[in-house]
Amino acid sequence: MALTYAVLSTVSVFLAGATASQLLKWQLFNHRDHDIHNVYTALENSYGHGGATNLVNTLHAYIQETLGHNWLFIAIGPGGQVLGGNVHALSLAITPGWSSVDGAQLGLTGGRRYRVYSGIVRNKVRLVVGMKFQQLGYLGRLVQTSFEWAFVVAVLLAVVGGSLIAHRMQRRFDAVRETMDRVSRGELAARVPLSGRNDDIEQLSGDLNSALDRLAASVETMQQVSADIAHDLKTPLSRLKMTIAEALDKQERSQPVAAELESAAAEVDQVNRTFNALLRIAQIEAGARKTAFKPVDISALLTMMDEVYREVARDAGQSFSVALPATAKADIMGDRELLMQMLSNLIENSIRYCPAGSSIHCSATAHDDTVRVTVADNGPGIPENEHERVLRRFYRLEKSRTSGGTGLGLSLVKAVADLHDAELRLDSAHPGLMVSAIFARRRRPVAT
Ligand SMILES: Nc1ncnc2c1ncn2[C@@H]1O[C@H](COP(=O)(O)OP(=O)(O)OP(=O)(O)O)[C@@H](O)[C@H]1O
Ligand SMILES: [Mg+2]
């Protein structure tokens, strides 16, 4: 990259320099021609005032003013006689108008060249005015030398600057590579160091770091889930082992083992339920069911819940009520079966964790763009600081550890809400728990 930059800037400096020096030379030459022509015109005008004599006098005045042969002048009369000038032999080859002439042609030594203008004044006097090339050649060389030096300095700067920039870039890319290397060796906490600059590498590093954050978070979740599964299965499995040992013991003593077998079957059922729930959550989280979303009428769903749970709640000594939106339809796009599962989990929690005498209230409210579904009770509730944790797999409040349950009910609720892009909120119902899910409302095409 440094090399490319150096070559690119060298080429541009060269082109810019060449253009500038060419332009400058062109300007200088123009200026010189202008000067020569000015002198020629002055001499020509002097003829107008006093004829050939005056022209020759003016010519001599000019010759006096010029040093050596920096300038050359010559005036030739109609008969071919030299009227005046600072050169004697004038090659007739000098064409009218502009031309370049060798000093030798004019009888001068030193191999100089002249830029000359030649014309006929009033059809009588041939007048030639010229200027030494060296005069300009010197300026031209000055310009060229300046540009050559400027070029050298620019190339040096390009090479040194390019290498410096490349070195710094290299260092920063090395830091990124080193970080990725550490991550690939399992050090998930490694992050690309940020320099605080606002450039592309910094942005890329930031993006990499956030990707690593997400990766680390999901690996941590996975590790957590595996640990939780192992931990959660340990107890039922060791209980199962004890039950079987007991059964074997009893069988040796020819005692009936039906009770042990029954309890073993129940234990296996519980393990099975846990696995089924886990698999179901994983399946929901994979998001495949989203493609089968259909319009779901939330009011109809709550009416069904009312039919199913009113009796169950009454048996538990609790009251159960449902409030539906009065007029507006509360339709959403979703998976009816999963939404039913979600509501069942919430209602079953309320029934399970609230004492007799509590009341459970479900409602659906339709707003302009959203539908809010709420399950609330006035039981013991969940402390504010546990609201986030109860959504995790296997997490149960300390006091609920003794009652049956897998601790996966709310994880499934959360997974279903996420699948529907719904916002899930846990709030205190003062007293009790209020869980709400806010869905995007489905707009029906207006019937015409
Ligand atoms: N309505 C509620 N009132 C009080 N505590 C609740 C309520 N709902 C849930 N909890 C607490 O949150 C914990 C997590 O609930 P979750 O539904 O995820 O698991 P679970 O009910 O223990 O088991 P599962 O639903 O899988 O059979 C419960 O163990 C309980 O401590
Ligand atoms: Mg539950």
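In this predicted model, the cavity count comes to one at 30 Å³ or more. The largest cavity holds about 70 Å³ of space. Its lining is made up of 13 residues, and those nearest its centre are Met-342, Leu-343, Val-373, Ala-437 and Phe-439. Helices and strands both pitch in here: α5 (298-315), α6, β10 (370-377) and β12 (433-440) each give at least two residues to the lining. As for chemistry, eleven of the lining residues are nonpolar and two are polar, with no charged residue among them.

Turning to the ligand, ligand 1 sits in the largest pocket. Two elements give two or more residues to the shell around ligand 1, namely α6 (336-353) and α7 (409-419). Of these, α6 gives the most, with four residues. So α6 turns up twice, in the lining of the largest cavity and in the shell around ligand 1. The shell has 19 residues, with Tyr-353, Arg-396, Ser-400, Thr-406 and Leu-410 coming nearest to the ligand. Sorted by class, the shell is a mix of eight nonpolar, eight polar and three charged residues.

Oxygen atoms of ligand 1 pair up with both side chains and backbone. On the side-chain side, a polar atom of Arg-396 lies 2.5 Å from a ligand oxygen, and an N or O atom of the Ser-400 side chain is likewise 2.5 Å from an oxygen of ligand 1. The backbone chips in through Gly-409, where a polar atom is 3.0 Å from a ligand oxygen. Taken on its own, ligand 1 has 590 Å² of accessible area, and the protein covers 94% of that.

Note on methods
Residues are numbered from 1 along each chain as its sequence is written. Chains are lettered from A and ligands numbered from 1 in the order in which they are written. This is a predicted model: local features need pLDDT of at least 70, side-chain atom pairs count only at pLDDT 80 or more; totals for chains, interfaces and linings use all residues. Side-chain values use heavy atoms; hydrogens and water are left out. A residue is near a molecule or strand if one of its heavy atoms lies within 4 Å of it. A polar contact is a pair of N or O atoms within 3.5 Å; within protein, one must be able to donate a hydrogen and the other to accept it, and residues adjacent in sequence count only if both atoms are side-chain atoms. Accessible areas come from the Shrake-Rupley method with a 1.4 Å probe; for residues, only the protein chains shown count as cover. On a 1 Å grid over the protein atoms alone, a cavity is a set of points where a 1.4 Å probe fits but cannot get out, and a pocket is an open set with protein on both sides within 12 Å along at least five of seven lines; lining residues have an atom within 4 Å of a point. A molecule sits in a cavity or pocket if more than half of its atoms lie within 2 Å of its grid points. Ala, Val, Leu, Ile, Met, Phe, Trp, Tyr, Cys and Pro count as nonpolar, Asp, Glu, Lys and Arg as charged, and the others, Gly among them, as polar. Grid points are joined across faces, edges and corners, and a volume is the space filled by probe spheres set on the points.
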